[in-house]
Amino acid sequence: MSDIPACPQCGMENTYPDGDNYVCADCGHEWPMVAAASTEEGAVVRDVNGNVLNSGDSVVVIKDLKVKGSSIPLKQGTMIRNIRLVDGDAEHIEGNSDKIKGLVLKVCFLKKA
Ligand SMILES: [Zn+2]
């Protein structure tokens, strides 16, 4: 029961959840729940060597990969330019190779160029 925090305004513990907010019964103060999801926004995306990847980086594919929905394999050594990070997903990035657009790639098969 007592994982509801005390009111940050008046310090009383007569607080209760209401939708996405906590509400204090004593002073009427409302404040947003800090959801566990907020830690995922800060997830750091790392390549196979542990280097941090950011949107706009270029990466190189380190092994031949089959591409879902394409008959062309993605060859080892292929450069993926201008990658995009996937929200809340530290294991995949999006990007385009010269031949294949809209790739979603596992970062464990990529290294920063
Ligand atoms: Zn209060």
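**Figure 1. Burial of the zinc-binding cysteine C7 in the predicted model.** C7 is buried, because its relative accessible area is 4%, and a residue counts as buried under 20%. The structure shown here and in the following views is a predicted model. C7 is one of the protein donors of the zinc ion, together with C10, C24 and C27, and each of these cysteines contributes its SG atom. The donor atoms lie 2.3 to 2.4 Å from the zinc ion. C27, another of these donors, counts as partly exposed because its relative accessibility is 40%.

**Figure 2. Geometry and sequence spacing of the zinc site.** The site of the zinc ion is tetrahedral, with angles of 106 to 117 degrees among its 4 donor atoms. For comparison, the ideal angle for four tetrahedral donors is 109.5 degrees. Along the chain, the donors follow the spacing C-x2-C-x13-C-x2-C. C7 lies in the segment before β1 (15-18), whereas C27 lies in the loop between β2 (21-24) and β3 (30-32), so this pair ties together parts that are 20 residues apart in sequence.

**Figure 3. The open sheet of β1, β2 and β3.** Three strands form an open sheet in the order β1-β2-β3, and their pairing is antiparallel. The edge strands are β1 and β3, each of which pairs on one side only. Neighbouring strands of this sheet are turned by 30 degrees against each other on average, direction ignored. In general, strands of a sheet pair through backbone hydrogen bonds, either parallel or antiparallel.

**Figure 4. Bridge partners and turns in the sheet of β1, β2 and β3.** β1 and β2 pair in the antiparallel sense over 4 bridges. T15 has C24 in β2 as its bridge partner, and Y16 stands opposite V23 in β2. The hairpin formed by β1 and β2 has 2 residues between the strands, and G19 in the turn has a positive phi of about 65 degrees. β2 and β3 pair in the antiparallel sense over 3 bridges, and V23 stands opposite E30 in β3. V23 therefore appears in both pairings, facing Y16 and E30. The hairpin of β2 and β3 has 5 residues between the strands, with G28 in the turn at a positive phi of about 80 degrees.

**Figure 5. The open sheet of β4 to β8.** Five strands form an open sheet in the order β7-β6-β5-β4-β8, with antiparallel pairing. β7 and β8 (110-112) stand at the edges with a single partner strand each, so one side of each is left without a neighbour in the sheet. The twist averages 45 degrees from one strand to the next. β5 and β6 pair in the antiparallel sense over 4 bridges, and the bridge partner of L85 in β6 is I93.

**Figure 6. The hairpin of β6 and β7.** β6 and β7 pair in the antiparallel sense over 4 bridges, and G95 has L103 in β7 as its bridge partner. The hairpin has 6 residues between the strands, and G102 takes a positive phi near 70 degrees. Side chains alternate along strand β7 (residues 103-106): L103 and L105 point to one face and are buried, while V104 and K106 point to the other and are not.

**Figure 7. Surroundings of A90 in strand β6.** A90 lies in strand β6 (residues 89-96) and is partly exposed, with a relative accessible area of 28%. Its C-alpha atom is 9.1 Å from that of K106, although the two residues are 16 apart in sequence. Leaving aside neighbours within four places in sequence, A90 is in contact with A43, V44, V45 and V107.

**Figure 8. The largest nonpolar core and the contacts of L103.** The largest nonpolar core has 15 residues, of which L74, I80, I93, L103 and L105 touch the most other members. The elements that give two or more residues to this core are β4, β5 and β7. In soluble globular proteins, nonpolar side chains tend to be buried together. Beyond its neighbours within four places in sequence, L103 has contacts that include V67, L74, I80 and I93.

**Figure 9. The buried loop residue V67.** V67 lies in the loop between β4 (59-61) and β5 (79-86), and counts as buried because its relative accessibility is 14%. Apart from neighbours within four places in sequence, V67 is in contact with I72, L74, I100 and L103. The C-alpha atoms of V67 and I100 are separated by 8.9 Å, while the residues are 33 apart along the chain.

Methods: Residues are numbered from 1 along each chain as its sequence is written. Side-chain values use heavy atoms; hydrogens and water are left out. Buried means under 20% relative accessible area, exposed over 50%, partly exposed in between (1.4 Å probe, protein chains only). Contact means heavy atoms within 4.5 Å. Donors are N, O and S atoms within 2.8 Å of the metal (3.2 Å for Na, K and Ca); water is not among the atoms, so sites may look incomplete. Four donors count as tetrahedral if all angles lie between 85 and 135 degrees; four count as square planar and six as octahedral if opposite donors are over 155 degrees apart and all others between 65 and 115; anything else is irregular. Two strands pair if DSSP finds at least two bridges between them. Axes are lines fitted to C-alpha atoms, for helices over the stretch in contact, and angles run from 0 to 180 degrees between N-to-C directions. A nonpolar core is a set of buried Ala, Val, Leu, Ile, Met, Phe, Trp, Tyr and Cys residues joined through side-chain atoms within 4.5 Å.
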